[in-house]
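Biologist: Could you take me through a close look at the salt bridges in this model, step by step, and then show me what lies packed inside the protein?

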Amino acid sequence: MGSKEQHTRKSLLMRSLDSIEKVGNKLPDPVMLFALLSLLVMVVSAILSSIGLSVADPTKPGETLTVMNLLSKEGLQYVFENAVKNFTNFAPLGTVLVTMLGIGIAERSGLITAALRGLVTSVPRQLITASLVFGGVMSSMASDAGYVVLTPLGAVLFAGMGRHPLAGLAAAFAGVSGGFSANLFLTSLDPMLGELTRMAVEPFNAEYAATLNVAGNYYFMAASVFLITIIGTFVTDKIVEPRLGKYKGEEIGELQYLTKEEKKGLWGALVALIVTCGLLALLVVPSWGPLRGDGDIVKSPFFMNLVPVLLIMFLVPGVVYGKMTKSIRTSKDVSSMLGDTMSSMGSYIVLAFFAGQFVAYFTQTNLGKILAIKGAELLQGSGITGIPLILIFILICGFINLFIGSASAKWAIMAPVFVPIMMQFGYTPEFTQLVYRIADSTTNIISPLLPYFAVIIAFAQKYDKKVGIGTLISTMIPYSIAFSIGWVIMLLLWMFSGIEIGPGTGVFMK
């Protein structure tokens with residue numbers, strides 16, 4: 001009887017997962033999605049304009065907001081006259097490309113791969129699970145490198161220790177994907193989401209938008225590294241690995257330890273990073289620092305423009321490591337790596353063109369403002385505020401994440417709507433972005449539409465040919481649930497404590 005019930009439950013789960021996969025597969029890729037959304041905004045603007053939709057502007061008493069019709073003569077003129085400007089003015093475009101120049105050197109020189117391998121192969125046996133999850137969380141410094149480097153490494157590491165390789169793979173995957181937003185350092189995700197948040201704020205409060213900086217979530221996300229590491233370690237050792245049982249396969253794999261040359265290169269890169277940080281500190285810490293501004297370090301030119309800082313902090317150690325390991329021999333190698341990095345960003349540049357049009361149309365038509373005001377009125381009328389409001393927002397973000405994998409693509413769609421709504425309830429834009437990042441990260445590991453999901457399954461099938469979507473999701477669901485609960489509790493405690501979530505940034509509007 002129990003076996004039959006178990007079979008029924010599994011069948012129901014698989015049917016549900018198949019349904020999600022079918023619905024997700026029918027969605028166009030992000031580029032076409034933004035193109036279609038841009039067209040949708042044009043059509044909706046024409047319809048709402050024709051019926052005379054308007055709302056009172058809460059930021060300008062006595063004034064009314066109306067919808068601009070993009071299919072009118074003036075609207076079509078705007079569309080054609082601003083197509084290039086909407087692309088070049090799409091703030092995340094330059095931010096991401098500049099940041100990736102530094103990350104590209106660190107990645108292609110071998111620095112990031114060596115650092116990850118060194119982390120998980122040099123710690124005591126009893127700390128190996130924690131180090132694997134921690135390494136996965138920290139791998140977001142290299143964007144998606146952790147998926148293809150650390151996840152298979154986790155399986156090999158566990159197999160070599162006589163543990164179940166799929167547990168190692170799951171631990172690494174949980175850290176890389178479930179903890180993607182957390183890091184002890186700022187990553188390319190911070191400026192990417194930060195610029196989208198700023199763009200969502202600007203039409204409502206240009207003065208506040210001018211004070212936003214990419215480190216607005218830093219304190220909370222840095223502390224989250226330890227939370228995710230602890231929870232990921234517990235779930236792996238107490239739930240996932242016992243459920244998998246003893247590994248009976250033959251595929252073990254070979255764990256590659258660091259060579260003497262790589263170790264020397266890592267030490268050189270560390271020294272280079274320390275020296276670089278020291279020199280950068282001289283620009284802002286002393287009272288005479290040229291980037292200190294008027295004395296307020298948090299709002300100084302240094303912190304308000306961290307993208308060049310990130311570029312330097314990745315590029316310098318990357319070059320030093322490359323020179324010491326001979327992966328970089330001449331300046332031509334550096335130029336080639338920079339070129340390869342930009343080549344790999346081609347799909348993002350195409351996405352940025354269409355996303356830029358959508359964001360611009362949404363702002364120009366006033367749809368974002370009107371939707372935010374109407375949404376706030378609806379929520380206010382429903383009486384939903386405080387913690388229930390935040391939990392509903394997390395559920396919405398998590399559900400959407402099952403169908404749209406890109407964190408920036410989702411935030412480009414959601415920020416213009418939810419940031420103003422949450423501002424109406426007194427929450428800072430940075431806090432809204434923080435809540436979004438929690439929901440996005442915790443559901444990555446159970447989304448079949450995550451770009452790397454199929455890759456993870458391929459890695460797992462080296463050890464068990466029967467592994468499929470259902471196997472992987474059922475393995476990762478405990479992490480998703482535990483991360484969600486733990487992160488929400490931490491978020492609520494942080495809110496009530498009054499601690500800043502980032503330099504000069506609180507939970508509530510002042």
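Modeller: In this predicted model, the count of salt bridges comes to six. Side chains of opposite charge can pair when their charged atoms come close. A good place to begin is arginine 163, which forms a salt bridge with aspartate 237, where the closest N and O atoms are 3.0 Å apart. Arginine 163 lies in the loop between helix H8 (145–160) and helix H9 (165–178), while aspartate 237 belongs to helix H12 (residues 218–244), so this pair ties together parts of the chain that are 74 residues apart in sequence. With a relative accessible area of 16%, arginine 163 counts as buried, because the cut-off for that word is under 20%. Aspartate 237, with a relative accessible area of 30%, is partly exposed.

Arginine 163 also forms a salt bridge with glutamate 241, and here the closest N and O atoms are 2.7 Å apart. This second pair again links distant parts of the chain, since arginine 163 sits in the loop between H8 and H9 and glutamate 241 in helix H12, 78 residues apart. Both arginine 163 and glutamate 241 are buried.

Another salt bridge joins the side chains of lysine 410 and aspartate 440, at 2.7 Å from N to O. Lysine 410 lies in helix H20 (residues 407–424) and aspartate 440 in helix H21 (residues 429–444), so the pair ties together parts that are 30 residues apart in sequence. Lysine 410 and aspartate 440 are both buried. Returning to the earlier pairs, salt bridges that share partners join Arg163, Asp237 and Glu241 into one network.

From the charged pairs we can turn to the nonpolar residues. The largest nonpolar core has 129 residues, and of these Phe220, Phe431 and Tyr479 touch the most other members. If residues up to four places away in sequence are not counted, phenylalanine 220 touches Leu434, Ile438, Trp487, Met490, Leu491, Trp494 and Ile501. Apart from the largest core lies another one, of nine residues, among them Val214, Val284, Val309 and Leu310.

Finally, a helix can be examined in the same way, by asking how much of it is covered. Helix H7 (residues 128–138) is mostly covered, with 10 of its 11 residues buried. The buried residues of H7 include Ile128, Leu132, Val133 and Met138, and also Thr129, Ser131, Gly135 and Gly136.

How values were computed:
Residues are numbered from 1 along each chain as its sequence is written. This is a predicted model: local features need pLDDT of at least 70, side-chain atom pairs count only at pLDDT 80 or more; totals for chains, interfaces and linings use all residues. Side-chain values use heavy atoms; hydrogens and water are left out. Buried means under 20% relative accessible area, exposed over 50%, partly exposed in between (1.4 Å probe, protein chains only). Helices (H or I, at least four residues) and strands (E, at least two) are DSSP runs, numbered from the N terminus. A salt bridge is a side-chain nitrogen of Lys or Arg within 4 Å of a carboxyl oxygen of Asp or Glu. A nonpolar core is a set of buried Ala, Val, Leu, Ile, Met, Phe, Trp, Tyr and Cys residues joined through side-chain atoms within 4.5 Å. Contact means heavy atoms within 4.5 Å.
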